[in-house]
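Reader: Got a minute for some helix packing? Show me the model and we'll start with burial.

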Amino acid sequence: MTTPSLRQLDIFAQLAASGNMVRCAVGLGLSEEQVRRDIRSLEMRLGYRLFAEEGDDVRLTAAGRRTAEALTLLDMDEPPAPPSPREERLAPTAPARKAIMLAAPAPVFGHLQEALAAFEEANDDIAITLDLTVQTAEEASTALRRNRADIAYFYTLGEPPFPSRYAWSEQISLYAGADHPVARLDSVSRRDLAITPRLAMDRSNGLRRIIDAALEQGGLDAPPPVLETDTLFDIVDALRNGAGTFAAFGPMARDLGRMAGVRRLALDSPFPPVTVRQAMRPGLEDDAPAHALADYLFL
């Protein structure tokens with residue numbers, strides 16, 4: 001998964017295993033507050049809750065379990081060895097389930113999770129497996145071409161050079177601390193933004209690449225970031241302290257807009273929207289279950 005930091009993924013895995021905030025913090029040598037901040041930062045970036053909390057005890061939500069399964073598949077260096085003939089003879093027989101691999105950015109999965117759960121509940125002979133590593137059209141094309149995905153959702157700023165269909169669009173928003181001079185302007189121009197320091201996610205983050213491309217296409221000659229981090233609470237603290245502006249879209253933008261001390265800028269003209277599109281693997285023309293799922297996600 002390209003978006004969260006390795007630290008956040010490690011904390012997520014340890015918290016899922018321990019089921020308790022305090023035990024997780026002690027095991028990692030962190031404070032409980034650090035664990036909570038990193039998990040909340042990860043949830044902000046993904047766009048959905050990973051854990052339900054009952055005091056210090058936690059349990060994975062349905063979306064959290066899906067995420068854990070996706071990370072388990074991602075961490076496998078090689079496919080598991082096939083069962084031995086003896087294991088096959090002893091294994092209980094069960095009806096074969098049709099497997100469909102869905103690749104999507106984690107925030108898009110968050111948008112689709114209820115529909116996916118409803119589809120699986122209505123079709124108990126189908127098992128949907130997730131790949132949360134795909135972000136861009138190029139990554140989606142590679143996953144589909146190499147049979148790593150049957151259906152792929154991806155972000156793009158234009159129509160890709162392979163068959164796909166439009167799902168929805170998400171607008172780029174810019175934020176600053178509520179007391180920052182640019183946040184008090186009735187209309188913020190590209191010139192205003194070009195002379196204002198900015199914050200950004202880490203260069204390795206797939207969302208960073210998409211956002212930077214949208215800002216460039218929108219005519220912004222953006223200055224180099226003064227802060228690059230995948231810890232969103234560090235970005236929020238920097239915004240509140242007047243360090244600069246920060247661009248976001250989707251669930252991350254929604255959460256930033258709800259935070260005290262942070263204000264969405266009144267842009268004089270919008271940046272190009274980020275489009276979410278869906279594509280299917282070539283050769284699935286006769287695969288009715290895959291087509292049924294692809295169509296159901298549009299209902």
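Author: Here goes. In helix H7 (residues 137–145), Ala137, Ala140, Thr142, Ala143 and Leu144 are buried (under 20% relative accessible area, 1.4 Å probe, protein chains only). Helices are DSSP runs of H or I with at least four residues, strands are E runs of at least two, and both are numbered from the N terminus.

Reader: What covers the buried residues of H7?

Author: The cover includes strand E5 (151–156) and strand E12 (274–280), with contact meaning heavy atoms within 4.5 Å.

Reader: And what follows H7?

Author: Asn147, with a positive phi near 60°.

Reader: Source caveats?

Author: This is a predicted model: local features need pLDDT of at least 70, side-chain atom pairs count only at pLDDT 80 or more, and totals for chains, interfaces and linings use all residues. Residues are numbered from 1 along each chain as its sequence is written, and side-chain values use heavy atoms, leaving out hydrogens and water.

Reader: New topic. At what angle do H3 and H10 pack?

Author: About 90°, for H3 (residues 32–46) and H10 (residues 232–240), with axes 8 Å apart. Axes are lines fitted to C-alpha atoms over the stretch in contact, and angles run from 0 to 180 degrees between N-to-C directions. So H3 is roughly perpendicular to H10 (65 to 115 degrees).

Reader: Which residues meet there?

Author: Arg37, Arg40, Ser41, Met44 and Arg45 in H3 meet Leu232, Phe233, Asp234 and Asp237 in H10. By class, that contact has three nonpolar, one polar and five charged residues. Asp, Glu, Lys and Arg count as charged, Ala, Val, Leu, Ile, Met, Phe, Trp, Tyr, Cys and Pro as nonpolar, and the others, Gly among them, as polar.

Notes
Angles under 35 degrees count as roughly parallel, over 145 as roughly antiparallel, 65 to 115 as roughly perpendicular and the rest as oblique. Buried means under 20% relative accessible area, exposed over 50%, partly exposed in between (1.4 Å probe, protein chains only).
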